[in-house]
Amino acid sequence: MLLVTGASGHLGSLIHAGLVERGLAPLAGTRTPGRFGDAGRSVDFDDPAGPDLTGVRVLVLVSAGYGEDDVVTARHDRAIAAAERHGVRHVVYTSLVGAGDHLAFALAHRWTERRLRESRLDWTILRNGLYAELFGQLAAPVGGAVTAPFGTGALAAVARQDLADAAVRVAADPAAHRGRTYELTGPVALTAAGVAAGLGVPYRPESLGERRAALTGAGLLPFQPAMLMSIYSATAAGFLARTHGDLARLLARPPRDPMPVAVAAAGAPS
């Protein structure tokens with residue numbers, strides 16, 4: 001039996017739907033299981049007892065949301081401990097691309113990778129690049145121009161659907177991917193100037209200091225400004241531009257062009 005965590009979220013819902021399309025009858029792990037009928041199973045990573053994984057043999061562990069590092073690692077530890085306790089055979093974990101070590105939210109991912117490697121479970125680690133949708137949202141125009149402080153840096157962003165499709169292929173045949181770590185990025189690196197051109201607006205990037213000041217009082221949670229600023233600075237510094245071939249090999253097809261995805265997200269109403 002398969003179970004996908006975060007099945008109500010953006011990535012988890014796509015993975016669950018893809019497995020359903022393959023006829024694999026996956027369970028949908030979520031805090032709102034009722035929306036999935038008989039396929040829904042209540043999964044709350046903040047429950048100290050851990051999730052009920054009875055009967056699950058393959059667990060697709062979608063990273064349990066943004067939070068402080070100690071919150072996220074505790075959530076993931078509960079999930080992995082429950083997998084060990086309930087006899088799960090294989091965990092497929094959606095991690096963060098290796099170049100993302102410069103990002104403020106990398107630690108929890110690397111901790112979880114280590115926890116899996118030290119467990120008695122079979123595992124596959126999918127190191128996902130940042131979403132093209134996210135890049136587009138961060139590069140959305142303000143006052144008729146793209147002002148995000150990406151400088152001339154580029155980001156090997158990837159369409160969320162491609163990451164979901166890759167996870168589906170692995171979860172459908174986990175034994176073929178046992179002990180493997182995949183670097184999943186888009187086929188080309190995007191720039192904010194390119195997004196601006198796609199929208200037909202100018203690109204006038206502000207400084208990191210200006211953007212940090214703009215985030216003050218924006219109603220964000222305490223940990224969120226640091227996460228956002230790390231994406232801007234790591235991209236501007238060129239650390240996230242490298243592309244890899246693992247995604248195309250996993251999909252057995254060319255990945256989607258991430259630029260139209262990013263442009264659509266940048267132009268969508270906020």
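1. Helices here are DSSP runs of H or I with at least four residues, strands are DSSP runs of E with at least two, and both are numbered from the N terminus. With that in hand, a good place to begin is Ala25, which sits in the loop between α1 (10-21) and β2 (27-30). Its phi is near 50 degrees, a positive value in a residue other than glycine. Ala25 counts as exposed, at 60% relative accessibility; exposed means over 50% relative accessible area, buried under 20%, and partly exposed in between, with a 1.4 Å probe and protein chains only.

2. A word on what you are looking at: this is a predicted model, in which local features need pLDDT of at least 70 and side-chain atom pairs count only at pLDDT 80 or more, while totals for chains, interfaces and linings use all residues. Residues are numbered from 1 along each chain as its sequence is written, and side-chain values use heavy atoms, with hydrogens and water left out.

3. Now the overall picture. The protein has 10 helices and 9 strands. Its radius of gyration is 19 Å, close to the 18 Å that the globule rule gives for 270 residues, so the protein is as compact as a globular protein of that length. (The radius is taken over C-alpha atoms, and the rule is 2.2 Å times the number of residues to the power 0.38.) Along its principal axes, the C-alpha trace spans about 55 × 40 × 35 Å.

4. Next, surface and interior. Buried residues account for 48% of the 270 in the protein. The accessible surface is about 11,600 Å², and 53% of it belongs to carbon and sulfur atoms; the areas come from the Shrake-Rupley method with a 1.4 Å probe, and for residues only the protein chains shown count as cover. Among contacts (heavy atoms within 4.5 Å) between residues at least 6 apart in sequence, 77% join residues at least 24 apart.

5. Do look inside for the largest nonpolar core. Such a core is a set of buried Ala, Val, Leu, Ile, Met, Phe, Trp, Tyr and Cys residues joined through side-chain atoms within 4.5 Å. This one has 30 residues, of which Leu96, Leu103, Phe105, Leu130, Phe135, Phe150 and Ile231 touch the most other members. At least two residues each come from α4 (132-138), α6 (192-199), α8 (224-236) and α10 (258-267). The biggest contribution is that of α8, with 5 residues. Apart from this core lies another, of 23 residues, including Val158, Ala171, Tyr182 and Leu251. In soluble globular proteins, nonpolar side chains tend to be buried together.

6. Two members of the largest core deserve a visit. Leu130 is in the loop between β6 (122-128) and α4, and it is buried at 8% relative accessible area. Although Leu130 and Leu96 are 34 residues apart in sequence, their C-alpha atoms are 7.8 Å apart in space. Beyond its neighbours within four places in sequence, Leu130 contacts Leu96, Leu103, Phe105, Leu155, Ala157, Val158, Ile231 and Leu240. With the same neighbours set aside for Phe135, its contacts include Phe150, Leu190, Val195 and Ala262.

7. Val158, a member of the other core, lies in the loop between β7 (154-155) and α5 (160-172). At 1% relative accessibility, Val158 counts as buried. Not counting residues up to four places away in sequence, Val158 touches ten residues' worth of surroundings that include Gly129, Leu130, Glu133, Leu184 and Leu247. Val158 and Thr243 are 85 residues apart in sequence, with 9.8 Å between their C-alpha atoms.

8. Polar side chains are found inside too. His76, in helix α2 (residues 69-86), is buried with a relative accessible area of 0%. Setting aside neighbours within four places in sequence, His76 is in contact with Ser63, Ala64, Tyr93, Ala108 and Thr112. Ser230 belongs to helix α8 and is buried, with a relative accessible area of 8%. Among residues more than four places away in sequence, Ser230 touches His102, Leu103, Ala104 and Phe105.

9. To finish, which residue in the loop between α9 (246-251) and α10 is worth a look? Ala252 is found there, and it has a positive phi of about 60 degrees although it is not a glycine. Ala252 counts as exposed, at 58% relative accessibility.
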